[in-house]
Amino acid sequence: MAVSVMGDRACGKTTFIGLLYAAQIEYTNNLVNKEAFKFTADPHIAAYMGEMYNQLRIGRWPDATIKGHSSKISFLFGYKRTMGKAAQKMPLPSWISRRKWAKPYSTLQFCVYDVAGEDVQDIIRTPDGYLSEEIPDEAKDLLESRVLVFLIDAQKISAKVRSKAYMKMINYDKEMATLISLIASYNSKKTDPLQRKIYPVIVFTKFDMVPRSTLQDMGLPDTLPKVKDQKARREYAETIMRRFYRQTLAYLKGGALKGVSFDEAAYIFSSVNTEFDEEQGFESPKMKGDEVDYSYGEYAAFITHFRRIANEMPDEIKEAQDFDTKW
Amino acid sequence: MYASIVGVEGSGRTVFASLLYAAQIGYSQEKKSGFRFSSNPRTQSLMGEGYNMIRGGMWPESKFSEKVSFLLSYQSMDVGSRMKRMFIKEKEKPKFSIQFNIFDLPDTDLGGSRHQAASGDGLDILYRSDVLIILLDSSRFKDGKDVDSSLGSLVERIKRGKGERLKPVIVFTKWDNVDEKGLKKLKLSTEPPGINDTQGRSRYGRKILAKFYPKLGNIISNLETRYIFIHIEVEKDEWGEKVPKASIDIDNELFYSYDEMRGMLRYLGDIGKLDNKKGR
């Protein structure tokens with residue numbers, strides 16, 4: 001199953017990928033998770049992600065080079081299959097999981113896209129819209145994704161109406177809504193209801209940069225609701241969405257009118273603790289021991305969230321085999 | 001069910017469409033409204049741009065030369081007890097949709113073939129409209145008679161097919177700049193009766209139509225008609241130009257007649273509900 005990670009330029013994609021890589025390592029090596037989760041990527045992508053991670057580990061921001069990178073950033077998540085909803089945490093017996101036919105892992109193929117407003121406009125301006133043969137393959141992959149991860153740069157949240165920052169923010173909101181409308185229109189043609197179910201994930205990057213006063217104006221506390229308290233987190237995030245990204249929120253709800261469900265949006269808040277680096281003259285990632293000090297709990301929740309999706313959506317056989325061969 | 005918005009040039013179609021979009025967003029976020037909306041990506045982009053321009057203190061540019069169409073859907077919350085609602089599947093909840101289209105009507109005779117030639121395609125949908133939203137510029141009542149004949153002819157033509165099932169909604173745009181002299185002559189205050197006073201509003205609206213849009217008023221006299229009064233508050237920008245007033249209010253970031261718009265959306269929902277029950 002394909003997952004697309006989308007974000008405007010300079011929204012923190014590179015750092016997000018670097019932190020996700022760090023979280024993947026920590027999550028995989030956590031003995032509690034045992035064999036439940038694995039990830040992999042092609043060697044050159046793994047090297048690239050490792051480089052981002054290493055930069056963070058020495059207190060530097062990774063270079064923003066996704067657009068310039070010669071190939072698409074893509075990696076694979078694999079979740080050990082369980083015996084159904086009643087026994088979600090129970091791994092399959094090893095004599096079953098060793099069999100090819102059991103497809104022991106549910107997989108998710110992540111692809112990272114650099115989506116700017118003009119890219120979306122390019123698709124909708126072609127005479128046939130998403131049906132056009134002129135649409136690049138990358139855009140087609142995006143339209144076919146079952147999971148959409150939208151990155152929202154929380155540093156760009158601005159309550160100062162009419163300021164440049166405010167206009168930039170509301171225009172990004174409009175572009176996300178257009179993209180959702182585009183994806184809903186594209187998927188509405190599919191006959192299989194499962195293929196018409198899209199899982200949106202909204203990731204607020206640089207969430208530590210949102211001014212306290214902005215949160216207070218909305219009646220929100222400085223501290224985020226706990227990861228386990230899904231209802232409170234949704235309410236917290238949707239308060240922000242209703243205030244600043246209201247078109248996106250409205251179109252996520254509206255997808256159902258086209259028979260495409262976007263209803264179960266998940267929200268993740270990414271942050272990195274920083275300290276002033278006198279040598280470089282700006283805020284740099286703070287270290288905690290020999291690791292970067294970031295919101296690991298949020299990233300772990302991100303990885304866990306995808307387990308449920310992977311279990312719900314049946315894999316293409318090819319994907320599962322693909323994963324098998326990569327191991 | 002089809003709803004069409006018609007208005008001649010200068011009647012405030014672009015601002016109306018942008019405010020309607022703003023109201024749709026606001027209404028869809030009200031927890032108990034059961035209201036959702038959707039559109040094709042081009043329309044979303046167009047309306048979203050207009051909405052953002054107003055939010056940024058600018059007047060939206062008129063860009064409705066291409067076909068604009070969007071879908072409103074209402075999901076009835078009236079499906080029984082709370083317990084029943086918990087067990088009813090999403091797809092089984094009663095729903096109905098209204099397809100909206102915006103038409104650009106030239107300021108000419110709309111009764112005959114010239115109308116067809118001037119307005120392009122999509123007219124079949126216009127003539128099948130169950131709800132016809134007619135935009136009238138309330139700052140120029142004195143020019144009303146110039147467009148009265150055209151609009152009257154159009155409504156007459158639609159009414160021929162739909163009969164009394166046609167439900168017009170008369171939207172008086174630019175109410176903040178209303179022709180006060182015109183209202184004075186009719187002994188009407190500039191404050192129309194409240195949104196819930198349907199009868200009072202009808203009397204008020206009919207008086208205006210009888211004086212300034214007599215043909216239109218006559219044709220819709222036996223049809224169930226609603227009257228909506230739209231305004232947007234303005235302020236002067238640094239160059240002294242009047243621009244939409246911005247607000248940092250969390251629930252309603254523009255100063256416009258949201259209650260009027262919401263009243264219209266609710267009314268459309270009520271029509272749709274009835275239409276649904278009749279199985280049309």
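**Exercise 1. Is Asp153(A) buried or exposed, and with which residue does Asp153(A) form a salt bridge?**

Solution. Begin with the accessibility of the residue in this predicted model: Asp153(A) has a relative accessibility of 4%, and because buried means under 20%, Asp153(A) counts as buried. Next, look for the partner: Lys156(A) forms a salt bridge with Asp153(A), and the closest N and O atoms of the pair are 3.8 Å apart, which lies within the 4 Å that the rule for a salt bridge allows. Finally, consider the partner itself, for Lys156(A) has a relative accessible area of 30% and is therefore partly exposed.

**Exercise 2. Which parts of chain A does the pair of Glu298(A) and Arg233(A) tie together?**

Solution. The first step is to establish the pairing, and here the side chains of Glu298(A) and Arg233(A) meet in a salt bridge with an N to O distance of 2.6 Å. The second step is to place each residue: Glu298(A) belongs to helix H10 of chain A, residues 296–312, while Arg233(A) belongs to helix H8 of chain A, residues 230–244, so the pair ties together parts that are 65 residues apart in sequence. As a last step, check the surroundings, where both Glu298(A) and Arg233(A) turn out to be buried.

**Exercise 3. Where in chain B do Glu233(B) and Lys245(B) lie, and which residues of chain B are joined into one network by salt bridges that share partners?**

Solution. Start with the pair: Glu233(B) forms a salt bridge with Lys245(B), with the closest N and O atoms 3.7 Å apart. Glu233(B) sits in the loop between strand E7 (226–229) and strand E8 (234–236) of chain B, and Lys245(B) sits in the loop between E9 and helix H10 (258–277) of chain B, so this salt bridge ties together parts that are 12 residues apart in sequence. Turning to accessibility, Glu233(B) counts as partly exposed at 35%, and Lys245(B) counts as partly exposed at 27%. For the second half of the task, salt bridges with shared partners join Asp137(B), Arg140(B), Asp143(B) and Lys174(B) into one network. A search of the whole structure finds 18 salt bridges over all chains.

**Exercise 4. How many residues of chain B are in contact with chain A, and which element gives the largest share of the side of chain B that touches chain A?**

Solution. Count the residues on each side: 36 residues of chain B are in contact with 35 residues of chain A. Then turn to area, for the size of an interface is often given as the accessible area lost when the parts come together. Between chain B and chain A the buried area is about 3,000 Å², and carbon and sulfur atoms give 51% of that area. Now examine the charged pairs, where the rule finds 1 salt bridge across this interface; Lys174(A) forms a salt bridge with Glu49(B), whose closest N and O atoms are 3.7 Å apart. The interface also has 12 residue pairs in polar contact. The elements that give two or more residues to the side of chain B that touches chain A are helix H1 (13–28), strand E2 (35–39), helix H2 (41–55), strand E3 (68–75) and strand E9 (242–244) of chain B. The largest share of that side, 9 residues, comes from H2(B).

**Exercise 5. How many disulfides does the structure hold over all chains?**

Solution. The structure holds 0 disulfides over all chains. To see this at one cysteine, take Cys11(A), which is in no disulfide, since the nearest cysteine sulfur, that of Cys111(A), is 16 Å away, whereas a disulfide needs sulfur atoms within 2.5 Å. Cys11(A) is buried, with a relative accessible area of 1%, and Cys111(A) also counts as buried, at 10% relative accessibility.

**Exercise 6. How many helices and strands are there in chain A, and how many residues of helix H9 of chain A are buried?**

Solution. First take the elements: chain A has 11 helices and 11 strands. Next take the chain as a whole, in which buried residues make up 56% of the 327 residues. Then narrow the view to helix H9 of chain A, residues 246–254, which is mostly covered, with 8 of its 9 residues buried; among them are Arg246(A), Tyr251(A) and Gly254(A).

How values were computed:
Residues numbered from 1 in each chain as written. Chains lettered and ligands numbered in written order. Predicted model: local features only at pLDDT ≥ 70, side-chain atom pairs only at ≥ 80, totals over all residues. Heavy atoms only, no water. Buried < 20%, exposed > 50% of the residue type's maximum accessible area, 1.4 Å probe, protein only. Helix = DSSP H or I, 4+ residues; strand = E, 2+ residues; numbered from the N terminus. Contact = heavy atoms within 4.5 Å. Buried area = accessible area lost by both parts, 1.4 Å probe. Polar contact = N/O pair within 3.5 Å; in protein donor to acceptor, adjacent residues only side chain to side chain.
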